[in-house]
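Visitor: I'm new to looking at proteins, and I'd like to know where the labels people use come from. Could you walk me through this one?

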Amino acid sequence: MESLEALEARVAAQRENLPEMYGKVDFSIKPERFVDNPDEQSMRLNDGDDSTRRRLLSDPETVARARAYTMLGDNTSDAYAALMPKYGFRGLIGMLTQACDKGVENVPDAPEELVAFIREMEATPDWIDMSLIEEGARVSRNPMATLSPFVVRGAFVATFLNKYSALPMALTGTLSHETAVRRIKETASFFTTTSLPGALERHGPGFKSAAMVRLMHSMVRFNVLRGSEKWDVNVYGIPVPQVDQMPAGTIAVFLLAFQMMRAGRTEFTPSERAFVEFNRYRCWLLGLPEDLLATTPQGIYDAMTIYSGTLRDGYDDETCGALVRATMAAYFPKDHSLKNRIFNFLERSFSRVYFNRQFLKGDKTGKAKLMGVELRPYDLPLFVSLALFIFGREKLYALALRTPGLKNWADRRLIDKLNRLLVDYGHAEYTTDPSQYHDETIREQHGHAKAA
């Protein structure tokens, strides 16, 4: 694991290494978003127990690491994204696509930043157990095919609960229904693709998707930070820091670890270990460091607690509420056939309950009503009915996958389902066009932050 001194030096070096992106950033500050006082309100896990957060915040090195990751981008991908003025964002995507498909050595006049980007992704660290990756992908295919289509909207909406981490999405035009649909489908497409057989191998589609996601995040940082009037680093820190990517990449593993701890279990089963390792590798391909990718249930729980426990609680309806409403109102299916209209109605109702149960537990502030996602009379009965079907089907597949003579058939069925889902999701663009950035939205949120 990287020492604290090396980590802090790497954070500070971003200004000198990439002045065109970070030249105006003072990395010695503690942004407003970062809270290290246990008596101040944070986005801590709403499980009714604050002892873990207080224990973690009492350790100076743990707090210093969390603060450093709040100000850390993706050095390798950022350097490539910073070439946008020279090559244009489509030019960068084109070269990256070619490098993923044919090898960076076959990209004519490949810039050294692209070479470094690809070589870093190819150099799998020894703390990743590659022998478990394919098994972990196989384990993930069942929930991805049976459960994910019904929860991806609700899980995506959960990333908009906090104004400090949600603002970059507002700046990239995600406040519109059309853009919300595209972002949901890109996210769903990435996680679905990476669960396919061999997807995370060097020339697999998951490897390529991870590279595209990294570049997209770096493009967001580049476009947001180019003009200092568009982003208040003293308030928000770095756009899309490494630590903000951890919840989306590890949410399934966290939920598993949390359930295990509540049941008194401390060790993963072999299939659970494979699932954890698969998620760690996928996150590593996205640029996350080892320090954010724990291996034990307690370590995973602690990592998520220190993230949510140092992210200051902050809700702004013009950012958070608008993003939630746009996402919940979006029409997800590819066409308006009767079957798809019915699915959209049921899925949206299911996602509404899922979001309230998983991410607004014990909501006593009326935030669900303020956001426009309060439960309607028919939501819970639909949720219960659908849950019986969805989880029943998932358990049947799980049983088949453990049964000799059935497991290969069941896995093929799940692969077919995933491929059909990818057709529905369409081609993921993984781009961030600077023309979509809304300066007025930025100025308004900038003003709200200062007023607060």
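Guide: Sure! Let's begin with surface: accessible areas come from the Shrake-Rupley method with a 1.4 Å probe. Taken that way, the chain has an accessible surface of about 19600 Å², and 55% of that belongs to carbon and sulfur atoms. Keep in mind that this is a predicted model.

Visitor: How do you know whether the size of the chain agrees with a compact globule?

Guide: You set the radius of gyration against a rule: 2.2 Å times the number of residues to the power 0.38. For 452 residues, the rule gives a value near 22 Å, and the chain has 21 Å, so the two agree. If you like boxes better, the C-alpha atoms fill one of roughly 60 × 55 × 45 Å along the principal axes.

Visitor: What is the chain built from, in terms of helices and strands?

Guide: There are 23 helices and zero strands. As for contacts between residues at least 6 apart in sequence, 78% of them join residues at least 24 apart.

Visitor: What makes a residue count as buried?

Guide: Its relative accessible area has to be under 20%. By that rule, buried residues make up 55% of the 452 in the chain.

Visitor: Let's try one. Why is Ala137 called buried?

Guide: Ala137 has a relative accessible area of 3%, which is under the 20% cut-off, so buried is the word. You'll find Ala137 in helix H9, residues 133-146. Setting aside residues up to four places away in sequence, Ala137 touches Thr194, Ser195 and Phe278. Its C-alpha atom is also 8.5 Å from that of Asn279, although 142 residues separate the two along the chain.

Visitor: And Asp26, why is that one called partly exposed?

Guide: Asp26 comes out at 36%. Partly exposed covers what lies between the 20% limit for buried and the 50% limit for exposed, so Asp26 belongs there. Asp26 is in the loop between helix H2 (19-22) and helix H3 (51-57). Beyond its neighbours within four places in sequence, Asp26 is in contact with Arg15 and Met71. The C-alpha atoms of Asp26 and Gly237 are 9.6 Å apart, with their places 211 residues apart along the chain.

Visitor: What makes Asp109 exposed?

Guide: Asp109 has 72% relative accessibility, and exposed means over 50%, so the label fits. Asp109 sits in the loop between helix H7 (89-102) and helix H8 (112-122). Its phi is near 55°, a positive value in a residue other than glycine.

Visitor: Why point that out?

Guide: Because most residues other than glycine have a negative phi. Val240 also has a positive phi, about 50°, and is not a glycine.

Visitor: Is Val240 buried or exposed?

Guide: Buried: its relative accessibility is 16%, under the 20% cut-off. Val240 lies in the loop between helix H14 (233-236) and helix H15 (242-262). Pro239 lies in the loop between H14 and H15 too.

Visitor: How do you know that Pro239 is buried?

Guide: Its relative accessible area is 0%, so it clearly meets the under-20% rule. Not counting neighbours within four places in sequence, Pro239 is in contact with Pro168, Arg221, Val224, Leu225 and Trp231.

Visitor: Now the helices. Why are H19 and H21 called roughly perpendicular?

Guide: The axes of H19 (residues 338-359) and H21 (residues 379-401) come within 9 Å and cross at roughly 100°. Angles from 65 to 115 degrees count as roughly perpendicular, so this pair qualifies. Among the residues making the contact are Phe345, Leu346 and Phe350 of H19, and Leu382, Phe383 and Ile390 of H21. By class, the contact has 11 nonpolar, one polar and three charged residues.

Visitor: Then why are H21 and H22 called oblique?

Guide: H21 and H22 (residues 407-425) pack at about 135°, with axes 7 Å apart. That angle is over the 115 that ends the perpendicular range but is not over 145, where roughly antiparallel begins, so oblique is what remains. Arg393 and Tyr397 of H21 are among the residues in contact, as are Lys407 and Leu414 of H22. This contact has five nonpolar, no polar and five charged residues.

Definitions and conventions:
Residues numbered from 1 in each chain as written. Predicted model: local features only at pLDDT ≥ 70, side-chain atom pairs only at ≥ 80, totals over all residues. Heavy atoms only, no water. Axes fitted to C-alpha atoms, helices over the stretch in contact; angles between N-to-C directions. Helix = DSSP H or I, 4+ residues; strand = E, 2+ residues; numbered from the N terminus. Parallel < 35°, antiparallel > 145°, perpendicular 65-115°, else oblique. Contact = heavy atoms within 4.5 Å. Nonpolar A, V, L, I, M, F, W, Y, C, P; charged D, E, K, R; others polar. Buried < 20%, exposed > 50% of the residue type's maximum accessible area, 1.4 Å probe, protein only.
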